[in-house]
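Visitor: Hello! Could you show me a protein model and explain the words people use for it?

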Amino acid sequence: MATAHIEQTAWQPLGIVPGVALRLFGMRRSGNHAIVGWLQRNAPQGRSVFLNNCKPGQDPFRSFRGIEVNGTHAPQHKAMRNMASVTGEAGDGALLVMSYEDTSPAEFTGGRQVSGGFDESVLSRNVLIYRSFLNWAASLLKKMQGNPSYSLVRRNAILLRAMDTYTRLLGMVEMAKELAVTCISYDRWCRDEAYRADLLAELGLKAQDNGLGAVQPYGGGSSFQKDAKGAEELQTDQRWRQMATDAEYQSVLHLAARDEALTDRLSRLFPTDAALLAGVAAQTPMMRGGLA
């Protein structure tokens with residue numbers, strides 16, 4: 001009875017009791033929305049609630065930056081005033097997904113909680129989404145280069161700080177069993193249908209549509225292929241090659257290659273990336289003679 005009461009209290013603002021409740025973490029440009037769209041397509045009877053980009057450290061029911069009900073955008077301001085009036089359409093047993101970007105539980109220590117006062121014990125699972133370093137960094141930098149309000153210094157300050165968070169997220173990925181979290185490699189998710197099916201089973205969802213789906217509009221879609229409609233058209237594993245001659249990207253890689261915490265984790269999770277960065281580290285960033 002106590003557990004039932006806790007769940008009823010936790011879900012009261014939502015107006016429904018979810019069947020599966022997932023909290024997702026992933027760095028921007030790691031396929032977060034593609035994966036969320038896939039989860040929604042495999043929700044029970046297509047019924048789902050998605051709270052996008054919740055603010056870390058705050059109640060997700062009060063800090064989301066977008067909301068979808070049954071795979072369709074819903075009025076955010078109305079949901080902020082009375083969430084149950086918007087989410088009630090999904091009904092009890094629906095899938096709930098709450099996403100957080102550019103953070104993970106590794107960023108929270110002491111008494112500070114990722115979701116503020118929200119009772120985490122009612123969640124079905126925490127999910128960590130991660131992407132190979134070289135492709136992730138290339139995609140994030142390319143995205144920021146398309147924003148004229150970002151100077152070169154600002155772009156790279158954001159990217160370097162994100163690299164620090166990315167490194168700690170990889171640390172959690174390596175401890176997945178101990179932490180009882182589900183980890184989704186975006187790279188493998190894109191190419192391996194059986195991997196996707198196994199993940200759905202692990203998350204308590206029945207496979208109904210295990211394809212990659214359409215390109216999601218969040219974040220402006222692909223930074224490289226603006227006209228792509230289907231996710232299968234995206235060459236997400238080639239982003240580092242497409243940025244290989246970019247001077248900014250090369251500069252970032254020279255720093256990344258010298259970050260031992262990052263390269264150590266990459267050596268186990270993405271050994272090809274680690275090997276390429278080792279080659280970068282063996283080179284001098286500036287021309288012979290330095291500034292002389």
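Guide: Here is a short talk about a predicted model, going from its sheet to one residue.

Visitor: What makes β4 and β7 edge strands?

Guide: Start with the order of this open sheet of 7 strands, β4-β3-β2-β5-β1-β6-β7, whose pairing is mixed. β4 (72-73) and β7 (182-185) each have a single partner strand, so one side of each has no neighbour in the sheet.

Visitor: How do you know that β6 and β7 pair?

Guide: Pairing takes at least two bridges between two strands. Strand β6 (residues 125-130) is joined to β7 by 4 bridges, so the two count as paired, and they run parallel. In this pair, Val127 stands opposite Thr182 of β7.

Visitor: Which strands does helix α7 touch?

Guide: Helix α7 (residues 152-174) packs on the sheet and touches β1, β6 and β7. Its direction makes about 125° with that of β6. Another helix, α2 (residues 32-41), lies across several strands, including β1 and β5, and runs at about 175° to β5.

Visitor: Why is Ser30 called buried?

Guide: Ser30 lies in the loop between β1 and α2. Buried means under 20% relative accessible area. Ser30 has 1% relative accessibility, so Ser30 counts as buried.

Visitor: What makes the link between Ser30 and Met27 a polar contact?

Guide: The cut-off for such a pair of N or O atoms is within 3.5 Å. The side chain of Ser30 reaches the backbone oxygen of Met27 at 3.0 Å, so the distance meets the cut-off.

Visitor: Which residues further along the sequence does Ser30 touch?

Guide: Leaving out residues up to four places away in sequence, Ser30 touches Ile129, Arg131, Trp136 and Tyr186.

Conventions: Residues numbered from 1 in each chain as written. Predicted model: local features only at pLDDT ≥ 70, side-chain atom pairs only at ≥ 80, totals over all residues. Heavy atoms only, no water. Contact = heavy atoms within 4.5 Å. Axes fitted to C-alpha atoms, helices over the stretch in contact; angles between N-to-C directions. Buried < 20%, exposed > 50% of the residue type's maximum accessible area, 1.4 Å probe, protein only. Polar contact = N/O pair within 3.5 Å; in protein donor to acceptor, adjacent residues only side chain to side chain.
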